[in-house]
Amino acid sequence: MLLKRFEAKTLPQALALVQRECGENALVVETRPTPKGFLVVAARPEPVPAPTMRPRDQAGGHTLLSKWTRGFQPLAEHATDFGLSGNVLHAVERALLGTRVDLSRPGDPALPQLASRILSALVHVAPEVEHVGEPRFRTLALVGPTGVGKTTTLAKLAGRARSRGERIAIVTLDTYRVAAVEQLRAFADLMDVPFSVAFTATDLRRQLQQHRDCDRVFVDTTGKSPRDRESMPVLEGNLRAGGCASVLCLAAGTRARDCHAVFEAYEPLGIDAVCLTKWDETVAPGEALATVVERGLPLSHLCIGQEVPADIVVADAGQIARAAFDCEHAEAQA
Ligand SMILES: Nc1nc2c(ncn2[C@@H]2O[C@H](COP(=O)(O)OP(=O)(O)OP(=O)(O)O)[C@@H](O)[C@H]2O)c(=O)[nH]1
Ligand SMILES: [Mg+2]
């Protein structure tokens, strides 16, 4: 289906242009007032090939007709491989329809950059998590499902804070997993920073009080399955008692449905930022990324390996969006 934009001073004039060019069966996709008058995006429906004529894919199934405009299709295909959802890509495509790029055919050289700019505007980032003197993030709890990299991420963030010259302390609430305390104590010893274990909300409050002169206190927590609804209120109570901001760690290779389940389970805690971990372990980080975008959550960091503190980067919406659309390749082709 070819989409085209028509502009005229009045809506009837614009619709007349549509009819003249696309015929009686024109499909009006969108009408919108513009500073110069009215814009109509319209399409001429193309005949659907008869079922027997449809090409088959290698598995013998019918190839689906594209749901994208021809111009956007190459970018959408790459972004789909990257894992981005149809919802997010449709939002980008809709926004592109209001711009000057030509979506009716592939190859508009302005398209990759514009698409990535639109996508980057949809990715909310939260660089303030690491800002020195940002009171909201002075006491930072790392929360999330089991094994996603909370303790490792805490150590990375603590290492970065230390190298910025901040006075920091580390407290752990994770007394559940065997060796969890020793794991974090080893990191704290390496960095030469105070470390303590809190068993209760009262412990946590007292220890945070002792660390009141620190610029930042990092709090580690026990991994919780999103299906473990019973222990979530305990964690919530502890974090509230400590006045902690929550950074939710989630492995970037997590399927979308599971991501949504995690967000729903952790919502009562208040998710102040999301850190996508193990970005290096997946070929489709876009699936988890899209759920973050769909929920309007702020993304703070990406973790890209096991090395502490090196393997963490502050989330950069522009870079992520360019990677999602493989802009370098697309620009070289245009
Ligand atoms: N490849 C890769 N591995 C990571 C990353 N972050 C953490 N890991 C590894 O993931 C494993 C689990 O990390 P932890 O930090 O112990 O995870 P956790 O969420 O604290 O685990 P629990 O406390 O048991 O819930 C370790 O082997 C880490 O080295 C990452 O960004 N990339
Ligand atoms: Mg841990």
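Where is P309 found, between which two strands? P309 sits in the loop that runs between β10, residues 299-303, and β11, residues 312-314, and I start there this morning since the peptide bond leading from V308 into P309 is cis, with omega near 0°. Please keep in mind throughout that what we have on the screen is a predicted model.

As general background, most peptide bonds are trans, and most residues other than glycine have a negative phi. With that in mind, let me add two residues to the list of backbone features, beginning with K278, whose phi is near 55°, a positive value in a residue that is not glycine. K278 is placed in the loop between β9, residues 273-277, and α10, residues 286-294. Is K278 buried, partly exposed or exposed? Its relative accessibility is 31%, and because buried means under 20% and exposed means over 50%, K278 counts as partly exposed. The second residue is D326, again not a glycine, with a positive phi of about 50°, and D326 belongs to the loop between α11, residues 317-324, and α12, residues 327-333. With a relative accessible area of 26%, D326 is partly exposed as well.

K278 also brings us to the ligand, for a backbone N or O atom of K278 lies 3.0 Å from an oxygen atom of ligand 1. On the side-chain side, a polar atom of Q183 is 3.2 Å from an oxygen atom of ligand 1, while a polar side-chain atom of E281 is placed 2.9 Å from a nitrogen atom of the ligand. Taken alone, ligand 1 would expose 660 Å², and the protein buries 83% of that area.

Which residues come nearest to ligand 1? Of the 19 residues around it, these are K150, T151, T152, R177 and D280. If we ask instead which element contributes, helix α5, residues 150-163, gives the most to this shell, with 4 residues. By class, the shell around ligand 1 divides into 3 nonpolar, 9 polar and 7 charged residues.

Let me turn from the ligand to the space enclosed by the protein itself. A search of the whole structure finds 1 cavity of 30 Å³ or more, and the largest cavity holds about 30 Å³ of space. What lines the largest cavity? The residues are V129, E130, L140, L157, R164, R216 and F218, and when that lining is sorted by class we find 4 nonpolar residues, no polar ones and 3 charged ones.

I will finish with two pairs of residues, which you may like to locate on the model as I go. T172 lies in strand β5, residues 168-172, and T172 is buried, with a relative accessible area of 1%. The C-alpha atoms of T172 and F195 are separated by 8.0 Å, although the two residues are 23 apart along the chain. The other pair begins with L17, in helix α1, residues 11-22, and L17 is partly exposed, with a relative accessible area of 27%. From L17 to V40 there are 23 residues in sequence, and the C-alpha to C-alpha distance is 9.4 Å.

Notes: Residues are numbered from 1 along each chain as its sequence is written. Chains are lettered from A and ligands numbered from 1 in the order in which they are written. This is a predicted model: local features need pLDDT of at least 70, side-chain atom pairs count only at pLDDT 80 or more; totals for chains, interfaces and linings use all residues. Side-chain values use heavy atoms; hydrogens and water are left out. A residue is near a molecule or strand if one of its heavy atoms lies within 4 Å of it. A polar contact is a pair of N or O atoms within 3.5 Å; within protein, one must be able to donate a hydrogen and the other to accept it, and residues adjacent in sequence count only if both atoms are side-chain atoms. Accessible areas come from the Shrake-Rupley method with a 1.4 Å probe; for residues, only the protein chains shown count as cover. Ala, Val, Leu, Ile, Met, Phe, Trp, Tyr, Cys and Pro count as nonpolar, Asp, Glu, Lys and Arg as charged, and the others, Gly among them, as polar. On a 1 Å grid over the protein atoms alone, a cavity is a set of points where a 1.4 Å probe fits but cannot get out, and a pocket is an open set with protein on both sides within 12 Å along at least five of seven lines; lining residues have an atom within 4 Å of a point. Grid points are joined across faces, edges and corners, and a volume is the space filled by probe spheres set on the points. Buried means under 20% relative accessible area, exposed over 50%, partly exposed in between (1.4 Å probe, protein chains only).
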